[in-house]
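Student: Could we go through this model by question and answer, with the reasoning laid out at each step?

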Amino acid sequence: MDRRIQEIEKQENHSKRQRMSARGLIGLLMCVGLLMTNPGLSRAVVEDDVRVLREDMEQVKKDLAEIKSILQSAIKRPSPEKGTGTVGVTGGAMLGETDAPVTIVEFSDYQCPFCRRYSLTVFPVLKSEYIDTGKVRYVFRDFPLSGIHQEAEKAHESARCAGEFNKYWEMHDALFQNQKDLTVSALKQYAADLGLDATTFGECLDSGKYEVNIQKDVDEGGAAGIRGTPSFFIGKSGSEDSITGTIVRGVQPLTNFQTIIDQLLGDQAGDVGSPSVSGEGSPTPLP
């Protein structure tokens, strides 16, 4: 923004200099004319012209200062991203043991390419090493960025509809594996490939019955500090319906997740105010 202000000032200065140059030239020509007709007026005319030019320059400075002040007052500097946060663990699809010592809550978008990369590379290892072994409870929550991913909303609804057949995670995997085609007709085909009843699934998807649930996830994620996908909360499990943990943003190497999880498992998490971990996120933040 400071650079933008400088550019505006530069443009204003250039424009003002042009006007002053033109005015100065006109003034000079007038001086020449008056000197030719009345040499006795030369000193008074020159002094008056110089005074006018100085006044103009002072006014230009005042105008630029006012413009700069207005722009600076309009700037709302974003607050730094939080390193930790509290988020609910209910309402989303869950994997693992309910009493696992560590909980990961993922906010994801089925049409987000970064989410797909995480799902196909990091997630399978976390599942085999931590979720399937009872160390981590994993919760998936919906965060479709509908402003840029027009097919994401229905994709999230399709996963929830598949959940009625106890096939949520199978649909989860199918959606990321076939991310290039998330049209409604394709979603119904993926359901059929999983052996789901076409009529029942189609009625569920067409009804939009899960729109409210998905919007709740989006609202809660936004309130907790989520601005892009994928984003994660990793913290100790408790008896409450929420966890407080480290926020991991974007696509991260597997080792980053392992470090946080292992520290929690070893009861060496330290201060919960440790900085958040940021990586590649969605190309566009939440609209």
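Student: Is Ala 224 buried or exposed, and at what relative accessibility?
Tutor: The model is a predicted one, and in it Ala 224 sits in the loop between helix 8 (211-223) and strand 5. Buried means under 20% relative accessible area. Ala 224 therefore counts as buried, at a relative accessibility of 5%.

Student: What separates the C-alpha atoms of Ala 224 and Thr 86 in space?
Tutor: Along the chain, Ala 224 and Thr 86 are 138 residues apart. Thr 86 is thus a remote position in sequence, yet the separation of the two C-alpha atoms is 6.5 Å.

Student: Which residue of strand 6 is the bridge partner of Thr 84?
Tutor: Strand 1 (residues 84-88) pairs with strand 6 (residues 242-249) in the antiparallel sense, over five bridges. Within that pairing, the bridge partner of Thr 84 is Thr 246.

Student: Which residue in strand 6 does Phe 233 stand opposite?
Tutor: Strand 5 (residues 231-236) is joined to strand 6 by five bridges, and the two run antiparallel. They form a hairpin, with five residues between the two strands. In strand 6, the residue opposite Phe 233 is Ile 247.

Student: How many of the eight residues of strand 6 are buried?
Tutor: Strand 6 pairs with strand 1 and is also joined to strand 5. The strand is mostly covered, and the number of its eight residues that count as buried is six.

Student: Which cysteines are joined by a disulfide?
Tutor: A disulfide is a covalent bond between the sulfur atoms of two cysteines. A search of the whole structure finds one disulfide. With an S to S distance of 2.1 Å, the pair that is joined is Cys 161 and Cys 204.

Student: How many residues apart in sequence are the parts that this disulfide ties together?
Tutor: Cys 161 belongs to helix 4 (residues 152-163), whereas Cys 204 belongs to helix 7 (residues 198-207). Cys 161 is buried at a relative accessible area of 0%, and Cys 204 is buried too, at 6%. Because the two cysteines lie in these two helices, the parts that the pair ties together are apart in sequence by 43 residues.

Student: What is the handedness of the disulfide between Cys 161 and Cys 204?
Tutor: The handedness is read from the torsion about the S-S bond, which is about -85° for this pair. The disulfide is therefore left-handed.

Student: Why is there no bond between the sulfur of Cys 112 and that of Cys 115, and how far apart are they?
Tutor: Cys 112 is buried at 0% relative accessibility, and Cys 115 is likewise buried, with a relative accessible area of 0%. A disulfide needs the two sulfur atoms within 2.5 Å. The closest cysteine sulfur to that of Cys 112 is in Cys 115, but it is too far for a bond, at 3.1 Å.

Student: Within what arc do the buried residues of helix 6 fall?
Tutor: In helix 6 (residues 184-193), the residues Ala 186, Leu 187, Tyr 190 and Ala 191 are buried. Seen down the helix axis, these buried residues line one face of the helix, because they fall within an arc of 145°.

Student: Which helices are among the elements that cover the buried residues of helix 6?
Tutor: Helix 7, which holds Cys 204, is one part of the cover. The elements that cover the buried residues of helix 6 include helix 7, helix 4 and helix 5 (168-177).

Student: Which residue just after helix 6 takes a positive phi?
Tutor: The backbone just after helix 6 has a phi of about 85°, and the residue that takes this positive value is Gly 195.

Student: With which side chain does the side chain of Glu 129 make a polar contact?
Tutor: Glu 129 lies in helix 3 (residues 113-131) and counts as partly exposed, at 34% relative accessibility. Leaving aside residues up to four places away in sequence, Glu 129 touches Lys 135 and Gln 258. The C-alpha atoms of Glu 129 and Gln 258 are separated by 9.5 Å, although the residues are 129 positions apart along the chain. At 3.0 Å, the polar contact of the Glu 129 side chain is with the side chain of Gln 258.

Key:
Residues are numbered from 1 along each chain as its sequence is written. This is a predicted model: local features need pLDDT of at least 70, side-chain atom pairs count only at pLDDT 80 or more; totals for chains, interfaces and linings use all residues. Side-chain values use heavy atoms; hydrogens and water are left out. Helices (H or I, at least four residues) and strands (E, at least two) are DSSP runs, numbered from the N terminus. Buried means under 20% relative accessible area, exposed over 50%, partly exposed in between (1.4 Å probe, protein chains only). The arc is that of the directions from the helix axis to the C-beta atoms. Contact means heavy atoms within 4.5 Å. A polar contact is a pair of N or O atoms within 3.5 Å; within protein, one must be able to donate a hydrogen and the other to accept it, and residues adjacent in sequence count only if both atoms are side-chain atoms. Two strands pair if DSSP finds at least two bridges between them.
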